[in-house]
Amino acid sequence: MPRRFSVCAAALLAAVAGMAAAAPPPERAAELRRLVRHDCGSCHGLRLRGGLGPALTPQALAGKPVELLVATVLEGRAGTPMPPWKPFLSEEEARWIVEGLRSGGFLER
Amino acid sequence: MAGSWSAERPRAAAPAAILLAAALAGCAAQPALRGTGDLGIVVERASGSLLVVDTTARRVLHRVTGLGDLSHASAVFSRDGRHAFVFGRDGGLSKVDLLTGRVVARRVQAGNSIGGAIGQRGELVAVSNYEPGGVRVFSAATLEPVADIPARGADGRASRVVGLVDAPGRRFVFSLFDAGEIWIAEMDPDPRRPRITRIRGVGRQPYDALITPDGRWYLAGLFGEDGVALVDLWHPERGARRILAGYGRGGRRLPVYKMPHLEGWAVAGNRAFLPAVGRHEVLVVDTVRWREVGRVAVRGQPVFVEARPDGRQVWVNFAFPDNDTVQVIDTETLRVVRTLRPGRGVLHMEFTPRGEAVWVSVRDEDRVVVYDTGTFEPLARLPARSPSGIFFTARAGRIGL
């Protein structure tokens with residue numbers, strides 16, 4: 001009974017998660033967090049409230065399509081200093097970062 | 001001399017006792033008697049703190065906390081070299097006493113700022129802001145506001161301000177990133193009403209600027225196009241001239257993962273060394289005719305290009321993903337003579353005043369490494385939390401720093 005329940009729960013979770021990006025392994029996640037904080041932060045601010053680049057807080061990103069944000073991270077934005085991060089990030093990782101930004105997961109508590 | 005000394009001696013006992021008592025009583029408030037010429041600060045970007053360091057003993061004297069968001073923080077010094085003015089990303093302006101290790105004044109003056117400068121007479125501190133765009137000027141003594149200079153371009157829109165420096169003639173010079181303009185604010189005769197000279201159409205997206213050590217030439221690097229805007233501050237009426245405009249023409253531009261900086265003006269003889277943008281090269285420029293005279297291929301996108309004070313070497317650090325490396329260029333042969341790997345996240349380098357050593361901040365290793373610039377051997381490693389900018393008091397006496 002407990003086993004069946006957990007299988008159901010896992011299936012349900014997967015269904016709910018839908019398009020959501022899988023979390024990277026812990027070591028890579030730590031690396032990505034540092035990348036967001038320091039490397040994204042060098043233009044967007046250590047607290048992601050903006051600088052030379054715009055703010056990346058949940059409020060600032062609300063209403064912006066996820067696909068557009070993922071594409072911006074991967075491909076950069078022509079005509080602005082935003083570079084493509086494709087050489088260093090998989091699409092899955094970019095999606096995980098975008099979701100983290102939108103949910104405020106990268107902001108300091 | 002010896003005679004007069006011994007003549008004083010019999011009377012020395014009582015005053016000495018009084019002095020000792022006074023010293024003991026004042027211990028809590030009075031810092032030890034010492035100069036500040038060999039002191040400096042190391043910004044700890046993630047924890048909102050900084051270290052006060054002694055570059056002779058190579059040790060940390062104080063940790064100063066409570067300085068806010070110090071990502072991209074920079075600092076200038078009072079003309080007596082005792083106080084550091086620290087400009088934080090969150091608009092915080094803090095005045096730190098290097099001797100006591102205390103914050104003596106602090107003001108959050110804007111929402112988002114990028115750098116600052118101290119005026120020629122040492123009585124004004126100016127801060128350049130992204131949000132709201134513009135420059136604000138404060139009293140160096142109290143940090144009370146003196147003047148507010150909103151930066152609106154020819155189109156009337158507010159612009160982010162970068163590349164703020166002080167210049168002779170009680171002037172501050174800065175660039176408008178969004179508007180593509182360079183402004184000169186004269187603080188004479190009344191600092192509360194600065195007189196502004198606007199130079200329009202200098203080029204797309206000036207991202208940072210520097211002033212030559214003699215205070216005559218202001219150079220703004222352009223991000224939105226190839227080239228550098230040059231203003232002769234002896235003749236601002238002549239406007240800005242474009243130099244290095246043909247640089248990189250036809251070549252493919254590489255992505256830039258961190259904006260290069262121009263504050264470290266690297267001059268050796270009649271040559272200046274500048275980071276290229278979108279190319280893994282250091283540009284060599286003739287400072288008499290302002291023409292490119294060479295390029296040095298380097299490991300990655302240069303961020304800081306800094307000359308040892310004697311001009312014989314230029315040290316370069318790099319943007320992600322090459323930010324674990326530092327390269328040294330010999331300015332005579334224009335060759336990379338040494339590649340060092342201090343560790344991940346090399347963010348800044350600062351030479352001691354006469355250049356026998358360089359301090360390198362290594363963010364991800366949580367330390368500062370001090371190198372001998374002759375042997376390239378590490379002399380010391382000091383623990384620091386996510387260190388970024390390093391600033392020594394020798395800047396106090398230098399135009400534009």
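In this predicted model, B:F376 has a relative accessibility of 11% and counts as buried. The cut-off for that label is under 20% relative accessible area. B:F376 sits in the loop that runs between strand 30 (367–372) and strand 31 (378–383) of chain B. Its backbone has a positive phi of about 65°, although the residue is not a glycine.

A second residue of chain B can be described in similar terms. B:L143 also has a positive phi of about 65° and is likewise not a glycine. The loop that holds B:L143 lies between strand 10 (133–139) and strand 11 (145–150) of chain B. With a relative accessible area of 1%, B:L143 is buried. Most residues other than glycine have a negative phi, and most peptide bonds are trans.

The second half of that statement leads to two peptide bonds in chain B. The bond from B:D188 to B:P189 is cis, with omega near -5°. B:P189 is placed in the loop between strand 14 (181–186) and strand 15 (195–199) of chain B. The bond from B:F320 to B:P321 is cis as well, with omega near 0°. Here the proline, B:P321, belongs to the loop between strand 25 (313–318) and strand 26 (326–330) of chain B.

These loops belong to a chain whose secondary structure comes to two helices and 32 strands. Chain B has 401 residues, and 59% of them count as buried. Among its contacts between residues at least 6 apart in sequence, 43% join residues at least 24 apart. The accessible surface of chain B comes to about 16500 Å², and 50% of this belongs to carbon and sulfur atoms.

Charged side chains give another route through the model. Over all chains, a search of the whole structure finds 34 salt bridges. One of them returns to a cis peptide bond, since B:D188, the residue before B:P189 in that bond, pairs with B:R121 at 3.7 Å, N to O. This pair links distant parts of the chain: B:R121 is in the loop between strand 8 (112–118) and strand 9 (124–131), B:D188 is in the loop between strand 14 and strand 15, and the two are 67 residues apart. Both partners are partly exposed, B:R121 with a relative accessible area of 46% and B:D188 with 25%.

Chain A has a salt bridge between A:R95 and A:E67, with the closest N and O atoms 2.9 Å apart. This pair too links distant parts of its chain, from A:R95 in helix 5 (residues 91–103) to A:E67 in helix 4 (residues 66–75), 28 residues apart. The partners fall into separate accessibility classes: A:R95 counts as buried at 9%, whereas A:E67 counts as partly exposed at 44%.

Another salt bridge joins the side chains of B:D364 and A:R34 (3.6 Å, N to O). The pair crosses between chains, with B:D364 in the loop between strand 29 (357–362) and strand 30 of chain B and A:R34 in helix 2 (residues 26–44) of chain A. A:R34 is partly exposed, with a relative accessible area of 29%. Both residues belong to a network of salt bridges that links A:R34, B:R344, B:R363 and B:D364.

How values were computed
Residues numbered from 1 in each chain as written. Chains lettered and ligands numbered in written order. Predicted model: local features only at pLDDT ≥ 70, side-chain atom pairs only at ≥ 80, totals over all residues. Heavy atoms only, no water. Helix = DSSP H or I, 4+ residues; strand = E, 2+ residues; numbered from the N terminus. Buried < 20%, exposed > 50% of the residue type's maximum accessible area, 1.4 Å probe, protein only. Contact = heavy atoms within 4.5 Å. Areas by Shrake-Rupley, 256 points an atom, 1.4 Å probe, with all protein chains shown as cover. Salt bridge = Lys/Arg side-chain N within 4 Å of Asp/Glu carboxyl O.
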